[in-house]
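Student: Could you take me through one part of this structure slowly, choosing a sheet and the loops around its strands? I would like to see how the pieces connect before I look at anything else.

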Amino acid sequence: MKEQNYLDHLVGVFGQPVSENPGVVIQDAAFAAMGLERWHFLTLDVDRDKLEDALRGLKAFKMRGVNCTIPHKIAVMQYLDEISESARLIGAVNTIVNENGRLFGENTDGKGFMMSLAENGVDVRGKKAVVFGAGGAARAICVEMGLAGVGALHIVNRPQDRALGDALVDILRRNTAAQVAYTDWTEPFRVPADADIVVNATSVGLYPDVSALPNVDLDSILPTMFVQDVIPNPTETALIREMRRRGVPCATGAGMLVEQAALNIEMWTGRKPDKAVMYHALEEALS
Ligand code: NDP
């Protein structure tokens with residue numbers, strides 16, 4: 001007789017707004033390909049003032065974990081039992097693992113970025129990186145590169161949120177060995193010729209403003225550099241299209257998102273998913 005086990009294993013995402021979050025598409029495709037029929041990813045609209053209740057629900061249903069997105073990434077930290085070192089430095093958690101009622105918080109935004117670099121044969125140790133933006137994604141990316149031994153980090157951000165930039169510079173100087181520089185972004189930025197890695201960690205190019213390019217002198221980005229975009233939607237941004245046309249090695253934010261989702265699945269199930277299946281599902285969903 002066939003084994004009769006209909007127990008559901010739940011994971012998901014808490015956010016608001018969250019209805020356009022494509023996480024479910026990638027995760028469900030991965031679970032199906034792994035034969036994990038009773039694993040389900042739930043897209044859950046959680047009010048800001050109901051986060052604690054939602055976490056109680058997570059424990060009550062013995063959910064294996066969740067992702068947290070806007071506006072919960074920072075607020076959730078106060079309810080967790082343990083937080084990884086990088087998530088603590090970043091100051092935000094986007095992934096929770098429920099270990100028998102004990103909640104562990106991790107930030108996989110920057111880890112997905114590092115995996116994307118690794119997939120493309122880029123090792124940050126001793127390298128010079130230029131990062132556009134100083135928001136949540138930039139923060140995660142800079143901390144991970146700093147902890148991994150990047151030689152120099154040059155952060156470029158618009159002057160209106162200087163406090164955010166200053167805070168990031170301070171975190172990096174106190175916790176990593178990287179040389180850190182900061183530029184107020186007021187005119188087209190010329191990437192120094194000795195840069196190795198260039199990261200667009202702004203939201204420039206995100207759907208629906210798909211033709212937007214970061215305010216950068218594109219001629220200053222050379223084929224000796226590697227460009228990583230963070231924008232997952234569209235899967236090929238105007239920046240990536242331009243880099244490919246110019247023969248500059250590069251990687252998309254969609255790839256980074258899949259790497260991050262794969263990491264989440266591994267943390268929750270203990271198994272590695274098929275990333276090609278996940279990428280294909282994302283492309284189909286966004287086409
Ligand atoms: P935040 O709102 O925290 O930060 C946005 C950043 O973009 C800020 O530094 C902001 O600068 C900058 N920015 C926005 N518009 C412009 C502009 N016109 N010119 C220059 N800079 C600009 O968002 P996040 O950091 O959380 O997210 C940023 C992007 O990263 C989003 O598009 C998100 O989808 C993507 N992302 C992708 C992930 C992936 O796995 N692929 C993971 C996480 C995020 P300012 O302070 O001057 O406003």
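Tutor: What follows is a close look at one sheet, its strands and some loops.

Please keep in mind throughout that this is a predicted model. As a setting for the sheet, the secondary structure of the chain comes to nine helices and 12 strands. With a radius of gyration of 19 Å, close to the 19 Å that the globule rule gives for 287 residues, the chain is as compact as a globular protein of that length.

The part I have chosen is an open sheet of six strands, and if you trace across it, you meet them in the order β2-β1-β3-β5-β6-β4, with mixed pairing. At the edges stand β2, residues 39-45, and β4, residues 82-83, and because each has a single partner strand, one side of each is left without a neighbour in the sheet. It helps to recall that strands of a sheet pair through backbone hydrogen bonds, either parallel or antiparallel. Strand β1, which covers residues 9-15, runs parallel to β2, and seven bridges join the two. Within this pair you can find Gly15 of β1, which stands opposite Asp45 in β2.

If you now follow the chain onward from β1, you come to the loop between β1 and α1, the helix of residues 23-33, and Pro17 has its place in that loop. The peptide bond that joins Gln16 and Pro17 is cis, with an omega of about 0°. This deserves a second look, since most residues other than glycine have a negative phi, and most peptide bonds are trans.

Two further loops next to strands of the sheet contain residues with a positive phi. Lys62 is found in the loop between α2, residues 51-60, and β3, residues 65-68, and although Lys62 is not a glycine, its phi is positive, at about 50°. Its relative accessibility is 70%, so Lys62 counts as exposed, the cut-off for that word being over 50%. In the loop between β5, residues 95-99, and β6, residues 102-106, lies Asn100, which likewise is not a glycine and has a positive phi of about 50°. Asn100 is exposed as well, with a relative accessible area of 82%.

To put the sheet back into the whole chain, consider that buried residues make up 49% of the 287 residues. Among contacts between residues at least 6 apart in sequence, 71% join residues at least 24 apart.

Note on methods
Residues numbered from 1 in each chain as written. Predicted model: local features only at pLDDT ≥ 70, side-chain atom pairs only at ≥ 80, totals over all residues. Heavy atoms only, no water. Helix = DSSP H or I, 4+ residues; strand = E, 2+ residues; numbered from the N terminus. Rg over C-alpha atoms; globule rule 2.2 N^0.38 Å. Buried < 20%, exposed > 50% of the residue type's maximum accessible area, 1.4 Å probe, protein only. Contact = heavy atoms within 4.5 Å. Pairing = 2+ DSSP bridges.
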